[in-house]
Amino acid sequence: MPGLEDLYREIILDHYRTPRNRGELAPPAVRAEGHNPLCGDEIQVYLDVVDGKVNDIKVAGQGCSISQSSASMMSQAVKGKDLAEVRALVRRFKGMMSVDDLSSDGDDLAADEAVKLGDLEALQGVVKFPVRIKCATLAWNTLVQAMSELPAST
Ligand code: ZN
């Protein structure tokens, strides 16, 4: 019977075929670049933050369907959010993708339970394929890197 896995596959393919927020942004937007050599995935994240909120985000790059659809979903999920919300979402997503024991982050995880993942839940099946986890988290690590490039005043 068609189940959740089929629905998840459809969501991932939809984001892969029709990536959201594809493109580049000119400075003062910051840029970060990530690579996953295991799979050959490349992601560039352009992040424009105004008054502590993600005013705009664009994603470029190439790679497998997991890496590119995760980047598309990430861009959709963080656009318009303030940076604290974005950090909470990153923790929540990486928590979902992690096979490690996260007990040391217990407080954060409890607080992050309230964070809605939406389409991102479609990627949770990837956890069953450990070599693909790096594909799914690449865009998120690149986003974190982009946030670290922001001027201190934002
Ligand atoms: Zn990949």
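Against which strands and helices do the buried residues of helix 5 pack? In this predicted model, the buried residues of helix 5 pack against strand 1 (30-36), strand 2 (41-50) and strand 3 (53-62), and also against helix 2 (65-78) and helix 3 (83-97). The residues of helix 5 that are buried are I133, C135, A136, T137, L138, A139, W140, T142, L143, A146 and M147. One of these, T137, is the centre of a kink of about 45° in the helix. The end C-alpha atoms of helix 5 (residues 130-148) lie 27 Å apart, which agrees with the 27 Å that its 19 residues should span at 1.5 Å a residue.

Helix 3, one of the packing partners of helix 5, has 15 residues and reaches 21 Å from its first C-alpha to its last, close to the 21 Å expected at 1.5 Å a residue. Its buried residues are L83, V86, A88, L89, V90, R92, F93, M96 and M97.

Strand 1, another of these partners, has side chains that alternate along its length: V30, A32, G34 and N36 point to one face and are buried, while R31, E33 and H35 point to the other and are not. Strand 1 pairs with strand 2 in the antiparallel sense over seven bridges, and in strand 2 the bridge partner of V30 is L47. Four residues lie between the strands of this hairpin, in which G40 takes a positive phi near 85°.

The zinc ion has protein donors from C39 (SG), D41 (OD), D41 (OD), C64 (SG) and C135 (SG), lying 2.1 to 2.8 Å from the ion. The donor residues are spaced in sequence as C-x1-D-x22-C-x70-C. Because D41 lies in strand 2 and C135 in helix 5, the pair ties together parts that are 94 residues apart in sequence. Both D41 and C135 are buried.

A search of the whole structure finds five salt bridges, among them the following.

| Salt bridge | Closest N and O atoms |
|---|---|
| K128 with E5 | 2.8 Å |
| D14 with R20 | 2.7 Å |
| R31 with E33 | 2.9 Å |

The pair of K128 and E5 links distant parts of the chain, since K128 is in the loop between helix 4 (106-112) and helix 5 whereas E5 is in helix 1 (residues 4-17), 123 residues apart. K128 is exposed, with a relative accessible area of 54%, while E5 is partly exposed at 48%. D14 is partly exposed, with a relative accessible area of 35%, and R20 counts as partly exposed at 23%. R31 is partly exposed at 42%, and E33 counts as partly exposed at 33%.

Note on methods. Residues are numbered from 1 along each chain as its sequence is written. This is a predicted model: local features need pLDDT of at least 70, side-chain atom pairs count only at pLDDT 80 or more; totals for chains, interfaces and linings use all residues. Side-chain values use heavy atoms; hydrogens and water are left out. Helices (H or I, at least four residues) and strands (E, at least two) are DSSP runs, numbered from the N terminus. The expected span of a helix is 1.5 Å times one less than its number of residues. The bend at a residue is the angle between axes fitted to the seven residues ending there and the seven starting there. Buried means under 20% relative accessible area, exposed over 50%, partly exposed in between (1.4 Å probe, protein chains only). Contact means heavy atoms within 4.5 Å. Two strands pair if DSSP finds at least two bridges between them. Donors are N, O and S atoms within 2.8 Å of the metal (3.2 Å for Na, K and Ca); water is not among the atoms, so sites may look incomplete. A salt bridge is a side-chain nitrogen of Lys or Arg within 4 Å of a carboxyl oxygen of Asp or Glu.
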